[in-house]
2 protein chains.
Amino acid sequence: MKIMFRSFVLLVCLCLSIGSVHAQLQWKEIEPGIWKATAGVPEKITLLSVANATPAKSSLQQLPTAKFPLEKNEITSRIVDGKVYLKFPLVKEEELFGLGLNFKTVSQRGRVSQLHMDHYGGKDDGRSHAPVPFYVSSRGYGVLIDAARYITVYAGTAVRVDTKNPPELMDRNTNKNWDSSPYSDAVEILVPASGVDIYIFGGPTTMNAVQRYNLFNGGGYLPPKWGLGFTQRVPTLYSQSDILREASEFEAHNFPLDFIGVEPGWHSMSYPCTFEWDPTRFPDPKGFISSLLQKGIRANLWLNPYVSPKSSLYPKVKALSGSHTVWNGIVTDFTIPEARNIFKEHFIKNHISLGVSGYKMDENDGYDKWLWPDVATFPSGTSAEQMRQIYGLQMQKMTDEWYREQNQRTYGLVRASNAGASNLPYVIYNDYYSHPDFITALVNSSFIGVLWTPEVRASKSAEEWVRRMQSVCFSPMAMLNAWADGTKPWSFPEVEKAVQEVATLRMRLLPYIYSTFAQYHFEGKPPFRSMNLVDGFAYTPQETGGKLDATLNPYEAKTRSDLKDQYMMGDNILVAPVFAGEKSRKVYLPAGKWYDFYTGKLAGENEVITIQAELEKIPLFVRDGGLIPMIPARRQAPKAGDVLPLEVRVYGTTPGTFTLYDDDGTTFNFEKGAYAKVTLTSTNKTMSAPASGKPFGYDKKVTWTFMTK
Amino acid sequence: MKIMFRSFVLLVCLCLSIGSVHAQLQWKEIEPGIWKATAGVPEKITLLSVANATPAKSSLQQLPTAKFPLEKNEITSRIVDGKVYLKFPLVKEEELFGLGLNFKTVSQRGRVSQLHMDHYGGKDDGRSHAPVPFYVSSRGYGVLIDAARYITVYAGTAVRVDTKNPPELMDRNTNKNWDSSPYSDAVEILVPASGVDIYIFGGPTTMNAVQRYNLFNGGGYLPPKWGLGFTQRVPTLYSQSDILREASEFEAHNFPLDFIGVEPGWHSMSYPCTFEWDPTRFPDPKGFISSLLQKGIRANLWLNPYVSPKSSLYPKVKALSGSHTVWNGIVTDFTIPEARNIFKEHFIKNHISLGVSGYKMDENDGYDKWLWPDVATFPSGTSAEQMRQIYGLQMQKMTDEWYREQNQRTYGLVRASNAGASNLPYVIYNDYYSHPDFITALVNSSFIGVLWTPEVRASKSAEEWVRRMQSVCFSPMAMLNAWADGTKPWSFPEVEKAVQEVATLRMRLLPYIYSTFAQYHFEGKPPFRSMNLVDGFAYTPQETGGKLDATLNPYEAKTRSDLKDQYMMGDNILVAPVFAGEKSRKVYLPAGKWYDFYTGKLAGENEVITIQAELEKIPLFVRDGGLIPMIPARRQAPKAGDVLPLEVRVYGTTPGTFTLYDDDGTTFNFEKGAYAKVTLTSTNKTMSAPASGKPFGYDKKVTWTFMTK
């Protein structure tokens, strides 16, 4: 009956739509600086309906006031043959960012993307692990299209005959300036759905728009402290004793280790999965987890969602699954609450109650040919296309809820995400392995409310190994994924010391990193950020190419350089990773003075500098007045109740402050106010006192180190 | 009103469809061995409605009888939310071919393609210059989905929970044979349209299915004889005197030349185009064309379809154009007859009546970001998506009609084609320039009723130059495209002789090649053919790879080798091109003895041989009993009335015959019976007499050369 009614609504809507219907969008300010409008009749399953976040209202109120950022009458919507056609204005010099987790490009203006959940295939075409239909503009606003569909975005490529800002007409025969990409003054979007909700996020800055997006989606996730330590994923068939031995090896090498990733072999069958412990490799799961926890090590279990006929879950979810199998496993329709509950019961009983701290949820993205096809059907009536776009998101939401019920934070990995995921406890990764492109993905993750790790697996050389280890230690998850290669952090003895040093540096920086994640949560600022989101950004992209080459460039296309190989970790640290083979690199320093992290020496300001790439160090720069709170070297993240000495490094000459955040590190009590925020002030070398009764894990006596002499 | 009615029908259909409707397809034999069924309510604009071919009924009747090739109840159709879901059965070991013009793969089983008109982007994913929704099976049948939509085909990738032929369940943890691509027993297809006509083409052989497809679409196009000679495309800004000088240079080098491609500079403005002669570079178009024709040389004019505001056509077609511009030109809605007529009048008056012999119709395919977006609208109501799929096809059809009205065959180039194009006078080309992949495209063109040229533009070395020239001379169009590079056939002096030799060999083979195209027309057999279409084909694909590599092959995927670097030209000649850098190559010889074309020596049978790659020769093999009719070396294709001496080369020992075809070479009179077919018989060295009064351009006295001693 319900379906009948929805069908009727859809019919009426289609009826209205055929022949194409224009309608002025009605914008309503639903949160401070966030407006919503609806075109047609939105679908029941959308990205935000699945993520189902609660806006962080009080945080949103802290942001500067924003006015509606565009001319309302320049935003148009039409419904044509049951699809929504949208148009948003663009001005000259405006740049757009986001539109999925891209690996090669940062600026999206001039590109066409069909946002389609898939394993990244080497080309920025919209197919990615996080095809988030959200973009932010350099003019300080963001646009979100909330549909779980393959949305096509023409980001300043399409030119309308009736545009008020036509590109200049040029004759390619005679005019050297002829441009194969004529100026377009619009973003046009095709949403293949009967209707859609559209959100506009105000600024005034681009960062403000990103903050509003993240806060609207609940604020960024604050990982447990252990989640920010080092993690090693072990070879796939490691038994429980192999893993305990691995933990001891890390101890022996005095190498940081906070959690271990347990790969497919823990399942009694995997590909498809049973989600049940294999009795030969894991005869005593409870004892195994306990032994790990005694060493202060958490366990994260790998899975993909496809249920094996050998699993006890199979008969329970069979009728709640889709028409097609993936690797012989059935595909549970998690849009049905009953299906989620069956999983919940199984997972809590068999894993979480034993102390399992999280999951790596693999292969919910693609590859295309291994997933269910778009002709699959699901018992809820959710289409295969919608299911594709939301599956990873739904898994994140559902597992997050289980851990919230335990009042335990989790922090895991997922290969598929989408809009609305800011407050979900997962980091994206993939099988693609270009180091430079991994860094570009890290840059791009900051625009779309997701986290990304440039995981390390293997390397062709010691140089590559240390370079990859350096950058992963300056990412949301410091991970070595040895599932297939069996690598260890010390696999290349010639760089063992340098690897150890950078992992230790990450551990020492935990107060800074944790406070940065708190900022993600409370202010919506992404912890790892594109330079385009930074105050003082004034980089001028260079156009290169444009030379005719019948084979390589028949259209004389120019390439605009993106700033894609450096990023900010929090407010103060600029990270400029070096890739194997590089002896030096250029670094763009925004306005304001910047200082070398290691020496405190002035590096430059508002300029592009060239630095020599010492093998042992990842280049880091600190902004003038930047304070960096650090703790002594340690192998594991602080536990609740620990009280640690704090060293605060001070860079530059301008007075600075830093908001140091702390809480118990593992529970959600911080959401109810059980946290401390203190202010570090360099001028008088003071730390304010934490409010009484709040968890605060640092000595009151702080060591101040003024790095810049 | 008409639109209102169509909308009503669509609504009723959608009404019926919502909630998913199954219906047994009703198959009707519409031509011998060709069955049609309809799911839902097909759209007005489809691929076949645009190509609008007349089936070659009498030729179809010559084919062996075919029974319906599949179990009817194993073909299912559902209409879900206004889209058509189709399923066709597959059996083990069955291979599928076609599904667009692929450049890297031949066998399509195990692949997902979204058939989308676009410039080929380096990946076989369905985006190509000819996204033909047609496949043929190694079991001897073909399936055509007639919708001008982005159709997604899961060619043996999707596995249904309820399949009767489930793949074997394996545990990847423990089973070395675990396969990331489990067995699928179905082709599943998503057609995003309210309905669709489906055609099944019977065998019994795969070649028979291809023949039926081509004959249903009017039979293959028979080019004018001059179209099979050599063609040079000149640099873009060449004036009429430059071009006449170029023609003289070819004379001076005694190099074949039948037609010249005149590039963008002939337009008074191009990108967007005026379709009007530039008065400075072409002050006397009529005189220019006449001068060329006096030298026996035809002119082919480059264009893309986007109309410049500077063109006299602009005001006439403005109201008949789409909502968006491409390179500042308007996009004429050629689905409107009036629009086609405006172009016709202009083109006949300004080009064709002057003696212009054809067109190169560029950039009607993509790239994506330069074309109109999918949110464009067109005055006829044809959607942007449909327009994208048909635009090149419509241009081919329309120009073909103009020439037919003149009773003059044309032969040109197009960058976008689709289903139904077999009888259209165009060869596809593109900007992509991998020599091996160009050959794979040539192989694949044979499955889908299109022609492809591996055009030569430039090369890094003399070796590459001669290798490319050799293979283009064994393709549907022997072309050097020097628009950007200004290359000449003799650009690499060290291989000038070898290039001259292969071009001359093509000219000498014209009786064979022309008869081969006649076979395309009368029998539907593609002139350049995949080995998979050849009698005696028994190649066993090798599976390679499958080794775990965390980065390069995390799913242990195996790769099946395709036979993609050799092909047949007609019934008798096997072409095995060599690529630069190769010193030797493997050649697969089907069952039956095969002989070296140049020496007549036995090369092998039903085996893979390794041959040395002499730089001066393209490896060619002739089947046992194969007859190859040849004429003396000449610079231009024979003209009507020429009577030429014929040499027939005979290979092997088995008695053989050859059907030699001839006609006037330029008109459509052959369609009314004005042609000769004579039989050459090796055993008694005879040529049958042509029927009286038929055009026949060969001496009755034939020289017989028995190549195999």
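**View 1. The lining of the largest cavity in this predicted model.** Sorted by class, the residues that line the largest cavity comprise seven nonpolar, one polar and seven charged residues. The lining is made up of 15 residues, and those closest to the centre of the cavity are Tyr271(B), Lys360(B), Asp362(B), Asp431(B) and Trp483(B). The space inside this largest cavity comes to about 110 Å³, and a search of the whole structure finds nine cavities of 30 Å³ or more.

**View 2. The contact between chain A and chain B.** On one side, 83 residues of chain A take part, and they are in contact with 82 residues of chain B. The area buried between the two chains is about 6,900 Å², and carbon and sulfur atoms give 59% of that area. Between chain A and chain B there are 38 residue pairs in polar contact, counting pairs in which both residues have pLDDT of 80 or more. The elements of chain A that give two or more residues to the side touching chain B are α1 (2-17), β5 (83-89), β7 (111-117), β12 (159-160), β13 (186-191) and β19 (321-326). The largest share of that side comes from α1(A), which supplies five residues. By class, the residues on the side of chain A that touches chain B divide into 39 nonpolar, 21 polar and 23 charged.

**View 3. A salt bridge between the chains, from Glu385(A) to Lys83(B).** Side chains of opposite charge can pair when their charged atoms come close. In the pair formed by Glu385(A) and Lys83(B), the closest N and O atoms are 3.7 Å apart. The count of salt bridges between chain A and chain B is two, while the count over all chains comes to 80.

**View 4. A salt bridge within chain B, from Asp368(B) to Arg388(B).** The side chains of Asp368(B) and Arg388(B) meet with a distance of 2.8 Å from N to O. Asp368(B) lies in the loop between β21 (358-361) and α9 (384-405) of chain B, whereas Arg388(B) belongs to helix α9 of chain B, so the salt bridge ties together parts that are 20 residues apart in sequence.

**View 5. Cis peptide bonds in two loops of chain A, and a positive phi in a loop of chain B.** Most residues other than glycine have a negative phi, and most peptide bonds are trans. Gly203(A) and Pro204(A) are nevertheless joined by a cis peptide bond with an omega of about 15 degrees, and Pro204(A) is placed in the loop between β14 (195-201) and α4 (206-216) of chain A. Another cis peptide bond joins Gly366(A) to Tyr367(A), with an omega of about 0 degrees, and Tyr367(A) is found in the loop between β21 (358-361) and α9 (384-405) of chain A. In chain B, Asn52(B) is not a glycine and yet has a positive phi of about 50 degrees; Asn52(B) sits in the loop between α2 (47-51) and α3 (57-62) of chain B.

**View 6. The surroundings of Glu276(B).** Glu276(B) is found in the loop between β16 (259-262) and α6 (285-294) of chain B. When its neighbours within four places in sequence are left aside, Glu276(B) is in contact with Trp266(B), His267(B), Ser268(B), Lys310(B), Ser311(B), Ser312(B), Leu313(B) and His346(B). With Ser312(B), the side chain of Glu276(B) makes a polar contact, side chain to side chain, at 2.4 Å. The C-alpha atom of Glu276(B) is separated by 32 Å from that of Ala148(B), a residue 128 residues apart from Glu276(B) along the chain.

Notes
Residues numbered from 1 in each chain as written. Chains lettered and ligands numbered in written order. Predicted model: local features only at pLDDT ≥ 70, side-chain atom pairs only at ≥ 80, totals over all residues. Heavy atoms only, no water. 1 Å grid on protein atoms, 1.4 Å probe; cavity = no way out; pocket = protein on both sides within 12 Å on 5 of 7 lines; lining within 4 Å. Points joined across faces, edges and corners; volume = space filled by probe spheres on them. Nonpolar A, V, L, I, M, F, W, Y, C, P; charged D, E, K, R; others polar. Contact = heavy atoms within 4.5 Å. Buried area = accessible area lost by both parts, 1.4 Å probe. Salt bridge = Lys/Arg side-chain N within 4 Å of Asp/Glu carboxyl O. Polar contact = N/O pair within 3.5 Å; in protein donor to acceptor, adjacent residues only side chain to side chain. Helix = DSSP H or I, 4+ residues; strand = E, 2+ residues; numbered from the N terminus.
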